Amino acid sequence: EAQRTLVLIKPDAVARGLVGTILERYERKSLRIVALELRTIDAALSDAHYAEHLERAFYPDLRDFITSGPLVALVLEGDQAVEAVRGLNGATDGRKAAPGTIRGDWALSNQLNLVHGSDSPESAAREIALWFPSLASGPGGQ
Ligand code: CMP
């Protein structure tokens with residue numbers, strides 16, 4: 001059944017010229033790009049997106065990083081899209097992520113970890129509504 005998920009190709013990936021390479025992984029998995037935008041976000045959107053992390057010790061650094069330059073926000077759709085993207089992304093910490101995953105192949109950090117993928121269908125609905133309000137009523141975005 002079609003499901004949607006929010007992906008961020010973070011500022012480190014944009015700065016390193018990895019956008020095309022990363023998008024290719026998702027497209028070759030047969031995930032469909034439903035929305036895609038290059039944007040530089042402000043602290044308010046960071047705080048809303050990372051609401052569950054606001055009190056964490058690492059959050060101020062994470063906010064500085066995620067607002068530091070352009071990122072690519074996109075919505076992907078496909079069967080089990082949330083799980084599929086998380087598998088392609090690999091473990092949060094690039095130092096521990098398995099080879100063959102985006103983070104496992106190209107990241108060596110807990111914070112500069114190239115990509116974000118929604119962690120559940122519920123998170124996906126919330127995040128899609130936040131980043132792409134015009135899509136909020138689509139599959140997985142209800
Ligand atoms: P992401 O999938 O965007 O969700 C939360 C983000 O917080 C995560 O990727 C990392 O970029 C960041 N993060 C998680 N844990 C840590 C940590 N221990 N130190 C720094 N950043 C972290």
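I began with one residue pair: Arg-4 stands opposite Glu-77 in β3. The model is a predicted one, and I read everything below with that in mind.

**Sheet pairing**

I looked up which strands carry that pair. Strand β1 (residues 2-9) and strand β3 (residues 71-79) run antiparallel, joined by 8 bridges. I then checked the other partner of β3. Strand β2 (residues 32-39) is joined to β3 by 7 bridges, and these two also run antiparallel. For a reference point in that second pairing I noted Ala-35, which stands opposite Val-75 in β3. I now have β3 paired with β1 and with β2. I kept a reminder for viewing the sheet: side chains in a regular strand alternate between its two faces.

**Order of elements**

I counted secondary structure next. The protein chain has 7 helices and 4 strands. Read along the sequence, the pattern is β-α-α-β-α-α-β-α-α-β-α. The pattern starts with a strand and ends with a helix.

**Overall dimensions**

I asked how the radius of gyration of the protein chain stands against that of a compact globule. For 142 residues, a compact globule would have a value near 14 Å; the protein chain has 14 Å, so the two agree. Along the principal axes, the C-alpha atoms fill a box of roughly 35 × 35 × 25 Å. I also looked up burial: 34% of the 142 residues are buried. For contacts between residues at least 6 apart in sequence, I noted that 68% join residues at least 24 apart.

**His-116**

I turned to the annotated position. UniProt lists His-116 under "active site", in an unreviewed entry. I located His-116 in strand β4 (residues 115-117). Is His-116 buried or exposed? His-116 is buried, because 20 other C-beta atoms lie within 10 Å, and 20 is the number at which a residue counts as buried. I listed its contacts, leaving out residues up to four places away in sequence: His-116 touches Val-7, Leu-8 and Lys-10. Of these, I place Val-7 and Leu-8 within the range of β1, residues 2-9.

**Ligand surroundings**

I then asked which residues surround the ligand. They are His-53, Phe-58, Leu-62, Thr-92, Asn-110, Gln-111, Asn-113 and His-116. The residue that UniProt lists for "active site" is thus in this shell as well. I sorted the shell by class and got 2 nonpolar and 6 polar residues, with no charged ones.

Note on methods: Residues numbered from 1 in each chain as written. Predicted model: local features only at pLDDT ≥ 70, side-chain atom pairs only at ≥ 80, totals over all residues. UniProt positions renumbered as here; feature names shortened; annotations may be inferred. Buried ≥ 20, exposed ≤ 12 C-beta atoms within 10 Å, placed from the backbone. Contact = placed C-beta atoms within 7 Å. Rg over C-alpha atoms; globule rule 2.2 N^0.38 Å. Near = placed C-beta within 6 Å. Nonpolar A, V, L, I, M, F, W, Y, C, P; charged D, E, K, R; others polar. Pairing = 2+ DSSP bridges.
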